[in-house]
Amino acid sequence: MSIRQKHSLPIYTLPMLTSKLYVVNSIDLISSVQRLPKILAFPPIEAKFATTICASSKEGNEIIANNLNGEEGDWGYSHDLYKSMNSALGPGPGLDGMNRIMIQNIAHSLDKLKSQEGQAVVMELGKWSRHEITMATTNSVYGKCNPFNDPKVENAFWKFENGLVMILIDRMPSLTARKACRARDLVGDAFRLYFEAKHHEYGSTLVQNRYNTSMQNKVSVKDIARFEVGNTIAVLVNTAPAVFWMLFYLYSNPTVLQDCRNEIESVISDTKETNSTRRTVDITSVKQNCPILTSSIQEVLRQRTLGAQVRQVMQDTMLDGRYLLKKDVTLIMPSLVMHTDPAVWGPDVSEFNHKRFIKGNRIQSSQKLNPKALRAFGGGTTLCPGRHFATTEILATVVMFILRYDLIPPDNRWTPPKTEKTNIAAVVMEPDTDITVKVVPRESSTDCEWDFKLPDSNMVFGVAAEDRHD
């Protein structure tokens with residue numbers, strides 16, 4: 001950040017103790033990087049990360065390494081697995097099925113927040129978001145035999161996630177990060193029992209595809225289970241804090257909250273019944289007809305995304321015909337730098353502008369928003385395959401929450417927590433401390449029944465540039 005502010009360089013070399021690092025800050029250069037996926041490659045980085053944190057066997061690591069970067073064609077475990085996940089998580093029956101289970105879980109969780117005997121529920125917002133997103137997500141992925149139904153597995157996963165840094169940077173994590181390693185092994189054993197019992201057959205298309213692809217590539221069940229621990233990081237670690245920050249920004253900004261509520265109210269269908277009113281919310285209709293809400297989610301991701309896309313230079317190459325990149329050097333594209341650049345976002349870059357992403361709502365008519373500037377889900381050939389599920393989960397959770405409840409913080413003041421302890425694997429900033437809130441049912445929601453549905457639809461929430469058609 002400080003180097004960008006001082007020099008405004010599109011790319012620079014950062015010396016390290018024993019190597020160096022290329023840092024790319026320019027949207028145009030990021031596009032150039034994405035056009036060279038075999039030369040500026042992600043699979044070697046991903047494989048090193050996976051094998052280190054999952055403690056997979058030597059045989060499993062060799063299977064991952066086989067034609068890892070596709071030099072011999074479009075085959076190999078890495079290629080096949082990514083293809084199978086994109087198939088399961090793209091618009092279609094598999095994604096719809098996961099979304100419906102997720103929505104049912106979140107709706108049930110919100111039912112439990114109703115006042116008991118006139119006493120408002122008091123909870124920690126971050127803790128609630130983490131637990132409910134964990135269970136809604138894993139239930140949608142793993143089905144009725146979800147290993148996370150055991151609280152010991154859920155707690156162990158988050159202990160493991162908290163110790164990821166030590167596992168990644170230390171040469172002997174089994175000694176220096178014992179608690180995190182034991183927690184990882186507990187989750188891995190739970191997944192091994194899950195797969196050995198064929199419980200994945202009752203799970204989502206996603207987990208079935210991953211298992212079948214692994215078996216076709218002769219990966220052992222034990223390694224499949226260990227890799228699944230790593231896969232769970234991808235589906236859990238960022239959505240929970242994104243929900244936390246979305247609720248924080250909405251409830252701490254009354255105008256933003258009311259704008260979103262008014263917009264959602266316009267797509268609700270009401271049906272009069274004998275003793276009450278049934279209110280039906282179509283989540284697909286919300287995606288299509290609530291631009292303020294979807295823009296607010298994008299703005300939260302812009303404000304709170306911390307991650308960086310990482311590549312390994314596979315051979316000496318000239319980037320954009322101007323910059324020589326040397327083989328074996330790591331290249332990073334930090335999202336935070338891109339998301340805080342006033343040249344990209346305008347003079348209000350540091351402010352929360354919930355209408356920033358609405359088409360035609362730029363501060364200056366001559367300033368057009370570049371969709372590639374929002375890097376929350378990466379881009380190019382390594383665009384996050386779970387982005388459609390994640391954005392629907394964030395949107396659905398927020399919609400269901402703000403329609404039914406108000407949140408009151410201590411002393412009626414919303415103070416943003418620091419994020420200095422955010423985990424190395426996280427893309428979205430994690431709050432260092434929690435916020436205790438009082439959950440108060442809205443008067444307009446107490447005398448009605450709520451239905452939240454998701455019909456079959458190819459409609460997606462286009463956060464990434466590759467998904468936008470405007």
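The crossing of α11 and α13 is right-handed, and it makes a good place to start reading this predicted model. Helix α11 covers residues 178–196 and helix α13 covers residues 221–236; the two pack at an angle of about 120°, with their axes 8 Å apart. That angle makes α11 oblique to α13. From there we can move on to a second helix pair, two open sheets, and a couple of individual residues worth a look.

**The α11 and α13 contact**

- On the α11 side, the contact is made by R184, D185, V187, G188, F191, R192, F195 and E196.
- The α13 side brings V221, I224, A225, R226, E228, V229 and T232.
- Sorted by character, the residues of this contact of α11 with α13 come to seven nonpolar, two polar and six charged.

**The α6 and α20 pair**

- Helix α6 (residues 93–111) packs with α20 at an angle of about 30°, and their axes are 10 Å apart.
- Angles under 35 degrees count as roughly parallel, so α6 is roughly parallel to α20.
- The crossing of α6 and α20 is right-handed.
- From α6, the residues in contact are L95, M98, N99, M102, I103, I106, A107, L110 and D111.
- From α20, they are H388, F389, T392, E393, A396, T397, M400, F401 and R404.
- The contact of α6 with α20 divides into eleven nonpolar, four polar and three charged residues.

**The β4-β12-β11 sheet**

- Three strands make up this open sheet, in the order β4-β12-β11, and their pairing is antiparallel.
- The edges are held by β4 (121–124) and β11 (405–408); each has a single partner strand, so one side of each is left without a neighbour in the sheet.
- On average, neighbouring strands here are turned by 35° against each other, direction ignored.
- β4 is joined to strand β12 (residues 436–441) by four bridges, and the two run antiparallel.
- If you want a landmark in that pairing, V122 has K438 of β12 as its bridge partner.
- Helix α20 (residues 387–404) packs on this sheet and touches β4, β11 and β12. The direction of α20 makes about 85° with that of β11.

**The β5-β6-β13 sheet**

- This is an open sheet of three strands in the order β5-β6-β13, with mixed pairing.
- Here β5 (269–272) and β13 stand at the edges; because each has a single partner strand, one side of each lacks a neighbour in the sheet.
- Neighbouring strands of this sheet are turned by 20° against each other on average, direction ignored.
- The antiparallel part is β5 with β6, joined by four bridges. Within it, the bridge partner of D270 is R279 in β6.
- α20 packs on this sheet too, touching β6 and β13, and the direction of α20 makes about 170° with that of β13.
- The parallel part is strand β6 (residues 277–282) with β13, paired over six bridges. T277 stands opposite C448 in β13.
- Strand β13 (residues 448–453) has two faces to tell apart: C448, W450 and F452 form the covered one, while E449, D451 and K453 form the uncovered one.

**Two residues to look up: T446 and P416**

- T446 sits in helix α21, which spans residues 443–446.
- With a relative accessible area of 48%, T446 is partly exposed.
- T446 and S276 are 170 residues apart along the chain, yet their C-alpha atoms are separated by 9.7 Å.
- P416 is found in the loop between β11 and β12.
- P416 is partly exposed as well, at a relative accessible area of 44%.
- The C-alpha atoms of P416 and P431 are separated by 8.4 Å, with their positions 15 residues apart along the chain counted as sequence separation.
- Not counting residues up to four places away in sequence, P416 touches F248 and R304.

Methods
Residues are numbered from 1 along each chain as its sequence is written. This is a predicted model: local features need pLDDT of at least 70, side-chain atom pairs count only at pLDDT 80 or more; totals for chains, interfaces and linings use all residues. Side-chain values use heavy atoms; hydrogens and water are left out. Two strands pair if DSSP finds at least two bridges between them. Axes are lines fitted to C-alpha atoms, for helices over the stretch in contact, and angles run from 0 to 180 degrees between N-to-C directions. Contact means heavy atoms within 4.5 Å. Buried means under 20% relative accessible area, exposed over 50%, partly exposed in between (1.4 Å probe, protein chains only). Angles under 35 degrees count as roughly parallel, over 145 as roughly antiparallel, 65 to 115 as roughly perpendicular and the rest as oblique. A crossing is left-handed if the near helix is turned anticlockwise from the far one by less than a right angle, and right-handed if clockwise. Ala, Val, Leu, Ile, Met, Phe, Trp, Tyr, Cys and Pro count as nonpolar, Asp, Glu, Lys and Arg as charged, and the others, Gly among them, as polar.
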